[in-house]
Amino acid sequence: MTNSPQFTILINSTDSFEDCWQAFFTLFSIYWPNCPHPIVLNTETKSFSYPGLNIQCSQIGVGANEPFTKLSWSDCLIRCLDKIDSKYILYLQEDYFLNNYVNTDVIYDFLQIMEREGYSHIRLKATLANNPHEPSSKYPQLWKIPQRSNYRIGLQAGLWLKDQLKFYLKPNETGWEFERWGSRRARKIDDSFFCENSDYFKRQNKDIFPYYPTGIVKGKWFEPAVGDLFKQHNIEVDYSVRGFYKLDKTQNLIQLLRSKVRKLLMLYIP
């Protein structure tokens, strides 16, 4: 962490997802032991703590002069960002359940690159896009996210210049709308968006922030992401409250094909 810029870890959540918090922070404490960074859990009114972790709950609905009414996803995040002083944040969500150790050295390296180059965003997990990611001419561990990528803005784990994330947010949007419409807004701006070069890190058999995206799908638990993982760590959850999200036959086939294509590609990467 030598000379690495200071940052805040932001777990974006909502009161109705509090059933994720114990599992999230149990795994976080295991796979990022002795984490020295401040953590902000974005909530409306509820609070939460976990032994050994410096967690502050944003409670963006507490202290308002008028009775709190439910805000949009984007308005909650904007209010939370206003409470954070650090220049950089690591953006996470409450269902990004760690399943292996965080590669903190790479995170700190990425932060130094952002500080040195003035980059706005480095995503820690590459996503599919309608435009191929462009190799960085300067940093082999990074891909440049193209200007017209359909996910130029994405909500997977990533490092952000806090003020730039807030700049792209607009009131009254859902997270899905932010990814869609925020990406369109970002197409018009010559900004510096990068993501991990997943081929580079897979060759090293490394994940930067290892999790299955995501633990909850359409409000239901996603069994491949949480079933064995929670059992392995003796994490008890009442799955009956949310139930499980089931992939249909087409979705199962797509997931299988993607996995096979990735394995084939890796055989031919020098």
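Here is a quick briefing on the fold, the sheet and the core of this protein chain. Bear in mind that this is a predicted model. The chain has eight helices and eleven strands, and 50% of its 270 residues count as buried. Nine of the strands form one open sheet with mixed pairing.

**Overall picture**
- Looking at contacts between residues at least 6 apart in sequence, 71% join residues at least 24 apart.
- The accessible surface comes to about 14,100 Å², and carbon and sulfur atoms account for 50% of that.

**The sheet**
- Reading across, the strand order is β3-β2-β1-β4-β8-β5-β9-β7-β6.
- β3 (55–57) and β6 (134–135) sit at the edges with a single partner strand each, so one side of each has no neighbour in the sheet.
- Strand β1 (residues 7–12) runs parallel to β4, and six bridges join the two.
- On its other pairing, β4 meets strand β8 (residues 158–161) in the antiparallel sense over four bridges.
- Tyr91 is a handy landmark here: its bridge partner in β1 is Leu10, and its bridge partner in β8 is Gly158.
- Further along, strand β7 (residues 142–144) pairs with strand β9 (residues 193–196), antiparallel, over three bridges, with Lys144 standing opposite Phe194 of β9.

**Helices on the sheet**
- Helix α1 (residues 21–31) lies across β1, β2 (39–42), β3 and β4, at about 160 degrees to β2.
- Helix α2 (residues 73–82) also packs on the sheet, where it touches β1, β2 and β4 and makes about 155 degrees with the direction of β1.

**Buried spots worth a look**
- Strand β4 (residues 88–93) is mostly covered, with six of its six residues buried.
- Tyr88, Leu90 and Leu92 point one way from β4, while Ile89, Tyr91 and Gln93 point the other way, and all are buried.
- His121 lies in strand β5 (residues 121–123) and counts as buried because its relative accessibility is 0%.
- Beyond its sequence neighbours within four places, His121 contacts Met114, Gly158, Leu159, Trp160, Ser192, Phe193 and Phe194.

**The nonpolar core**
- In soluble globular proteins, nonpolar side chains tend to be buried together.
- In this model, the largest nonpolar core has 81 residues, and Phe25 and Trp32 have the most contacts inside it.
- Not counting residues up to four places away in sequence, Trp32 touches Phe7, Ile9, His37, Leu90, Val102, Thr104, Ile107, Tyr108 and Phe209.

Note on methods. Residues numbered from 1 in each chain as written. Predicted model: local features only at pLDDT ≥ 70, side-chain atom pairs only at ≥ 80, totals over all residues. Heavy atoms only, no water. Buried < 20%, exposed > 50% of the residue type's maximum accessible area, 1.4 Å probe, protein only. Contact = heavy atoms within 4.5 Å. Areas by Shrake-Rupley, 256 points an atom, 1.4 Å probe, with all protein chains shown as cover. Core = buried A, V, L, I, M, F, W, Y, C linked by side-chain atoms within 4.5 Å. Pairing = 2+ DSSP bridges. Axes fitted to C-alpha atoms, helices over the stretch in contact; angles between N-to-C directions.
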